[in-house]
Amino acid sequence: MNFEHLLVVNDPDNPLVAPLTREELWFGLLCRAEDSRPFLPGLEACTILSRSDTELVRELRFGNSVIHDRVTLQPMEWVRFDTERTDAHAGGSLTISIEEPAPETMVLRFRYRTTLTEQGTGDDVAYVEYIKSAYHQSDVDTLRVIRMITESGRIQ
């Protein structure tokens, strides 16, 4: 299954939403890479197994389920989470990119690639739509948490 969507971060036509700088947005994405617990409900532990300047290997613990992933960083541009396929997890990747399509406008592009199939009928189609909806809501929550992190760090 391939799925992607955009979330508007900065919209000059909406003065009710405080704009974020690229640096603030990137810091929030780094927080998600370092410790995803505030971003993923049900995640009990996020352990870094190894790291380099541009990569983290992590173990994520959801109750009895353990997932391993690799986080690749292109500083100030994008972060990619590659999850191993297991019997309990479909595996795949999520890339979150920072984009500026117009002056004073910034968006996050979420691009999912999974081993789930989009082909099928009936319940299969409903399941894929449910997964896409869950991904979208998780991404809305990611932006919300990044805004909370930013607000808590700003000088009042």
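**Notebook: a first look around the chain**

I started with the elements, and the protein chain has two helices and seven strands. I kept in mind that this is a predicted model. Reading from the N terminus, I wrote the order down as β-α-β-β-β-β-β-β-α. Next I looked up the radius of gyration, which is 16 Å. The globule rule gives 15 Å for 156 residues, so I noted the chain as being as compact as a globular protein of that length.

**Overall size and surface**

I looked up the span of the C-alpha trace along its principal axes and got about 45 × 40 × 25 Å. Then I turned to burial: of the 156 residues in the chain, 36% are buried. The chain exposes about 9100 Å², and 52% of that comes from carbon and sulfur atoms. I also checked how far contacts reach along the sequence. Taking contacts between residues at least 6 apart, I found that 44% join residues at least 24 apart.

**The largest pocket**

Now for empty space. Rolling a probe the size of a water molecule over the atoms shows where such space is left. I went to the largest pocket, and its volume is about 730 Å³. Which residues are closest to its centre? I noted Leu40, Thr83, His89, Tyr112 and Tyr135, out of 27 residues that line the pocket.

I then asked which elements give two or more residues to that lining. My list has five strands and a helix, each with its residue range:

- strand E3 (55–62) and strand E4 (65–74)
- strand E5 (78–83) and strand E6 (92–102)
- strand E7 (105–114) and helix H2 (123–153)

Which element supplies the largest share? That is H2, with six residues. I sorted the lining of the largest pocket by class too: 14 residues are nonpolar, eight are polar and five are charged.

**One residue: valine 57**

I picked out valine 57, which sits in strand E3, one of the strands on my pocket list. Buried or exposed? Its relative accessibility is 18%, and the limit for buried is under 20%, so I put valine 57 down as buried.

What does valine 57 touch, leaving aside neighbours within four places in sequence? I found contacts with Thr47, Ile48, Leu49, Ser50, Asp69 and Arg70.

Last, I looked up how valine 57 sits relative to serine 133. The two are 76 residues apart in sequence, and their C-alpha atoms are 27 Å apart in space.

Technical notes:
Residues are numbered from 1 along each chain as its sequence is written. This is a predicted model: local features need pLDDT of at least 70, side-chain atom pairs count only at pLDDT 80 or more; totals for chains, interfaces and linings use all residues. Side-chain values use heavy atoms; hydrogens and water are left out. On a 1 Å grid over the protein atoms alone, a cavity is a set of points where a 1.4 Å probe fits but cannot get out, and a pocket is an open set with protein on both sides within 12 Å along at least five of seven lines; lining residues have an atom within 4 Å of a point. Grid points are joined across faces, edges and corners, and a volume is the space filled by probe spheres set on the points. Helices (H or I, at least four residues) and strands (E, at least two) are DSSP runs, numbered from the N terminus. Ala, Val, Leu, Ile, Met, Phe, Trp, Tyr, Cys and Pro count as nonpolar, Asp, Glu, Lys and Arg as charged, and the others, Gly among them, as polar. Buried means under 20% relative accessible area, exposed over 50%, partly exposed in between (1.4 Å probe, protein chains only). Contact means heavy atoms within 4.5 Å. The radius of gyration is taken over C-alpha atoms; the globule rule is 2.2 Å times the number of residues to the power 0.38. Accessible areas come from the Shrake-Rupley method with a 1.4 Å probe; for residues, only the protein chains shown count as cover.
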